[in-house]
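Open the model in your viewer and keep the selection tool at hand. We will go from stop to stop, selecting a few residues each time and looking at what is around them.

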Amino acid sequence: MSFLVIDIGNTRLKWGLYEAPRPGADLIAQGAVFLEAIDRLSDEGWAALPVPGRMLGCAVAGQGVRRRAEEQLELWDLTPRWVVSQPQDAGVTNGYEHPARLGSDRWLAMIGARARVLAAGPARPALVVMVGTAVTVDAMDADGRFLGGLILPGFGLMLQALESGTAGLKVPTGEVREFPTNTSDALMSGGTYGIAGAIERMHRHLLRRCGAEPVLLMGGGAAVKLAPETDLPFELVDTLIFEGLLRLGAQEFPDG
Ligand SMILES: Nc1ncnc2c1ncn2[C@@H]1O[C@H](COP(=O)(O)OP(=O)(O)O)[C@@H](O)[C@H]1O
Ligand SMILES: CC(C)(COP(=O)(O)O)[C@@H](O)C(=O)NCCC(=O)O
Ligand SMILES: [K+]
C-alpha cells in the first residue's frame, strides 16, 4: 500500500509518495511548496497522484499550518498521523531534557541518519545538520544516543535580522569570500562561516566525547549553499527526514 510522507518546516512543506511504508521503498513522486501554497495542493501537486494508502508526517510550523495541510489531505480517505519525538525509538535514544520538546523533524532526521550509519558499516557517531529556516546541528554517539544539538538562525533569518535591526545593511545578496571587502559579501560570508563554524565546533565536541570520527550528514533546503564551505568530509542527503518517516512507518503499519 503506497505511503505518503510529509515534512512541514517553517518555510516549505515537502512531500514524497513511496511505494510502501518500508525503508528502501521506491519513491513514486515528490514535491515541495512554500507554506503559502499549501491550500492549493489538492488542486495542483496532489491532484494527479495515485491514491496513497497510508500517511505519516512531521510538522514544526504550528497548529494552523498543520490543519491547512490536513484539509488538503481530505482529498483522500487517509487518517493524518504526525510524529511526536519519543524518549526512544527505531534505535535512537533521545537525550533531550524533555524528549517531546525536540523538534520532530530533528528526531526523524536522526532516525534516518542512524539507519544510514548502520547500513554503511560499523557503528560510528553522527553529526546531523539540517539547514532550513533554522539550522540544527545534532550530535549522536555510536550507540544511537542523541547527546544534544545546536539551533542557529538559517541564512534567511540571519540576513533578515541584520537588515531589520540596522540602518546600513539593506544590500543585495553577496558572495562568500575569505576576506570580504563590501557589505553584501561581508553579510553572506558572516552567515556562511557562522554556520560552518558551529558545525566544526560541534564536530570537535563529538569527536572529543566519543573518541571516534563522526559521520557528517547534511540536509535541508539550503544545505547546498553550505556544502562548498564545509572543510570536513560530509554527505549531502536530502531525504533524511523521509527515511526516518519510512522507518517509523514500517513499525506503525507492519502489514503495509
Ligand atoms: N526554492 C527556493 N527558493 C528560495 N530559497 C530556497 C528554496 N529552496 C530552499 N531555499 C532555502 O532553504 C531554506 C528553507 O529550506 P527548507 O528545507 O524548505 O526549510 P524548512 O524545513 O524550514 O521549511 C530557505 O531559508 C532558503 O534559504
Ligand atoms: C529548530 C526548528 C525550528 C527547526 O525548524 P525548521 O528550520 O526545519 O523549520 C524545529 O525543529 C523546532 O521548532 N524545534 C522545537 C524546539 C527544539 O527542537 O528544541
Ligand atoms: K532545520
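Where is A90 found? Select A90 and you land in the loop between strand 5 and strand 6. Helices and strands here are DSSP runs (H or I over at least four residues for helices, E over at least two for strands), numbered from the N terminus. Before moving on, note that this is a predicted model, in which local features need pLDDT of at least 70, side-chain atom pairs count only at pLDDT 80 or more, and totals for chains, interfaces and linings use all residues. Residues are numbered from 1 along each chain as its sequence is written, and chains are lettered from A and ligands numbered from 1 in the order in which they are written.

Stay on A90 and check its backbone: A90 has a positive phi of about 45 degrees although it is not a glycine. Most residues other than glycine have a negative phi. A90 is partly exposed, with 19 other C-beta atoms within 10 Å. On this scale, a residue is buried with 20 or more other C-beta atoms within 10 Å of its own, exposed with 12 or fewer, and partly exposed in between, the C-beta atoms being placed from the backbone.

**The seven-stranded sheet**

Now select the strands on both sides of that loop and widen the view to their sheet. Seven strands form an open sheet in the order 5-6-9-8-7-10-11, with mixed pairing. Two strands pair if DSSP finds at least two bridges between them. Strand 5 (88–89) and strand 11 (235–236) stand at the edges with a single partner strand each, so one side of each has no neighbour in the sheet.

Next, pick strand 6 (residues 92–94), which runs parallel to strand 9 and is joined to it by two bridges. Click T93 to find its bridge partner in strand 9, R145.

From there, add strand 8 (residues 134–140) to strand 9 (residues 145–153): the two pair in the antiparallel sense over seven bridges. A134 stands opposite P153, and M140 stands opposite F146. These two strands form a hairpin with four residues between them, and G144 in the turn has a positive phi of about 80 degrees.

For the far edge, select L236 in strand 11. L236 counts as partly exposed, with 15 C-beta neighbours inside 10 Å. Not counting residues up to four places away in sequence, L236 touches M218, G219, A223 and A227; contact here means C-beta atoms, placed from the backbone, within 7 Å.

**Two domains**

Zoom out and colour by domain. The chain is divided into domain 1 (3–82) and domain 2 (88–243), with bounds that come from an automatic or database domain assignment. Their C-alpha centres lie 24 Å apart. The contact takes ten residues from domain 1 and eleven residues from domain 2. On the domain 1 side, strand 1 and strand 2 are the elements that give two or more residues.

**The four-stranded sheet**

Select strand 1 (3–8), strand 2 (12–18) and strand 4 (54–59), then add strand 3 (27–34). Together you have an open sheet of four strands in the order 3-2-1-4, with mixed pairing. Strand 3 and strand 4 are the edge strands, each pairing on one side only. Six bridges join strand 1 to strand 4, which run parallel; one place to look is V5, whose bridge partner in strand 4 is L56.

Helix 6 (residues 240–252) packs on this sheet, touching strand 1, strand 2 and strand 4. Click G244 in helix 6: G244 is buried, with 31 other C-beta atoms within 10 Å. Leaving aside its neighbours within four places in sequence, G244 is in contact with L108, A109, I111 and G112. Measure from G244 to M110 as well: they are 134 residues apart in sequence and 7.4 Å apart in space, C-alpha to C-alpha.

**Last stop: helix 1**

Which residues of helix 1 are buried? Select residues 63–73 and highlight R66, A69 and Q72. Seen down the helix axis, the buried residues fall within an arc of 115 degrees, so they line one face of helix 1; the arc is that of the directions from the helix axis to the C-beta atoms. They pack against strand 1, strand 2 and strand 4. Rotate to the face turned away from that buried side, and you meet the exposed residues Q63, G64 and R67.

Terms used
Contact = placed C-beta atoms within 7 Å. Axes fitted to C-alpha atoms, helices over the stretch in contact; angles between N-to-C directions.
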